[in-house]
Amino acid sequence: MLLEATNLTKDYGEGAVLKNFSFTIDQGEIVVLAGKSGTGKTTLMRIINNLERADQGTVAIAGIYLCQESPNGAEYVSRKERRLYQNQIGMVFQDYSLFPNLTVLENLLEAPLAQKLSSRQDLTKKAEELLNEMDILEQKDRMPSTLSGGQKQRVAIARSMMLNPKVLCFDEPTSALDRESSDSIGRLIQGIAERGTGILIVTHDLEFGEKYGTRILSSTTFI
Ligand SMILES: Nc1ncnc2c1ncn2[C@@H]1O[C@H](COP(=O)(O)OP(=O)(O)OP(=O)(O)O)[C@@H](O)[C@H]1O
Ligand SMILES: [Mg+2]
């Protein structure tokens, strides 16, 4: 088992958004979370990416813990251990969240350079390989604002893969794309999964979810 989330509970103060929700993602699985607006899908994704705190529950990837259930609520690991956890998981945001003042290539290099993971030369080589795989290498020196939605999405995916995450999350990956671009993103995601990455996709697009998901979870089961 790659990601294991158990008894996740979250209340922003207006009633439970998640209540004792448990799920897993295995190696190579594409888990699709479908469900109506406001049912906690983004909240769940933000919790497992450590962008939001769970009130209660356990989250771990390959035995590396983010938090653990306890009588006093979710007990989070130390800041240093959280960093270790966060390197196991990546997220592609709905608005892509590219750095607008950096070129495509620099967008990929920013985080791994800041973490001093490797030399600029080695990281550039890796970034160019990923951009090539995403079919966007020709645009490496362009600014994000000059790219189409589908191209931005590919840059965001390449950027999230720079840290070799074991789990990769996508929030509404197709909401801004036509059917053809959605299909090419779907095939890219399948390719990433085939190499063993666990994928979580949140989507309203059931056609996409059924076509590319290997397992569908309904967010009506959250509460
Ligand atoms: N930071 C926050 N503070 C307070 N309430 C929040 C916050 N984030 C989300 N909520 C509430 O939690 C509930 C779930 O929101 P969430 O964004 O997780 O839903 P969603 O399933 O992703 O919806 P959508 O399909 O529209 O993206 C909503 O009622 C929302 O108003
Ligand atoms: Mg959402």
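In which hand does α5 cross α6? Keep that in mind while you load the model, which is a predicted one.

**Stop 1: α5 and α6**

Select α5, residues 149-161, and α6, residues 179-194. The crossing of α5 and α6 is right-handed. Their axes lie 11 Å apart, and the packing angle is about 10 degrees. The two helices are therefore roughly parallel; the cut-off for that label is an angle under 35 degrees. Now show side chains. From α5, pick Q153, R154, I157 and M161. From α6, pick S184, I185, L188 and I192. These residues make the contact. Colour them by class: five are nonpolar, two polar and one charged.

**Stop 2: M134 and the largest core**

Keep α5 and α6 on screen and add M134. Ignoring neighbours within four places in sequence, M134 contacts R154, I157, A158, M161, L188 and I192. Among these, R154, I157 and M161 are on the α5 side of the contact you just viewed, and L188 and I192 are on the α6 side.

M134 also belongs to the largest nonpolar core, a set of 34 residues. Select M134, I157, F170, I189, I199 and I201: these have the most contacts inside that core. Several elements feed it. The strands β3 (30-34), β8 (167-171) and β9 (198-203) each supply at least two residues. So do the helices α3, α4, α5, α6 and α7 (206-212). In soluble globular proteins, nonpolar side chains tend to be buried together.

A separate core of 29 residues lies apart from this one. To find that second core, select L3, L18, F21 and V202, which are among its members.

**Stop 3: α3 and α4**

Next, select α3 (residues 104-114) and α4 (residues 120-133). How far apart are their axes, and at what angle do they pack? The axes are 10 Å apart and the angle is about 130 degrees. That angle makes α3 and α4 oblique to each other. The crossing is right-handed here too.

Show the contact. On α3, take V104, L105, E106, L108, L109, P112 and L113. On α4, take R120, L123, T124, A127, E128 and L131. By class, the residues of this contact are nine nonpolar, one polar and three charged.

Stay on α3 and look at burial. V104, L105, N107, L108, L109 and P112 are buried. Their cover includes α4 and α5. Then step just past the end of α3 to K116. K116 has a positive phi of about 50 degrees.

**Stop 4: the loop before α3**

Move back along the chain to the loop between β7 (89-92) and α3. Two residues deserve a click.

Start with T103, which sits in this loop. Is T103 buried or exposed? T103 counts as buried because its relative accessible area is 19%, and the cut-off for buried is under 20%. Leaving out residues up to four places away in sequence, T103 touches K140, D141, R142 and M143.

Then go to Y96, in the same loop between β7 and α3. Y96 is buried as well, with a relative accessible area of 8%. Check its backbone: phi of Y96 is near 70 degrees, a positive value in a residue other than glycine.

**Stop 5: N7 in β1**

Select strand β1, residues 3-11, and find N7 in it. N7 is not a glycine, yet its phi is positive, at about 55 degrees. With a relative accessible area of 22%, N7 is partly exposed.

**Stop 6: two loop residues**

Which loop holds R53? Go to the loop between α1 (41-48) and β4 (56-61). R53 is partly exposed, at 43% relative accessibility. Discounting residues up to four places away in sequence, R53 touches K10, I47, Y76 and R82. Draw a C-alpha to C-alpha distance from R53 to Y76. The two are 23 residues apart in sequence and 8.7 Å apart in space.

Finish at G38, in the loop between β3 and α1. G38 is exposed, with 75% relative accessibility. Draw one more C-alpha to C-alpha distance, from G38 to V17. That pair is 21 residues apart in sequence and 8.4 Å apart in space.

Conventions:
Residues numbered from 1 in each chain as written. Chains lettered and ligands numbered in written order. Predicted model: local features only at pLDDT ≥ 70, side-chain atom pairs only at ≥ 80, totals over all residues. Heavy atoms only, no water. Axes fitted to C-alpha atoms, helices over the stretch in contact; angles between N-to-C directions. Helix = DSSP H or I, 4+ residues; strand = E, 2+ residues; numbered from the N terminus. Parallel < 35°, antiparallel > 145°, perpendicular 65-115°, else oblique. Left-handed = near helix turned anticlockwise from the far one by under 90°. Contact = heavy atoms within 4.5 Å. Nonpolar A, V, L, I, M, F, W, Y, C, P; charged D, E, K, R; others polar. Buried < 20%, exposed > 50% of the residue type's maximum accessible area, 1.4 Å probe, protein only. Core = buried A, V, L, I, M, F, W, Y, C linked by side-chain atoms within 4.5 Å.
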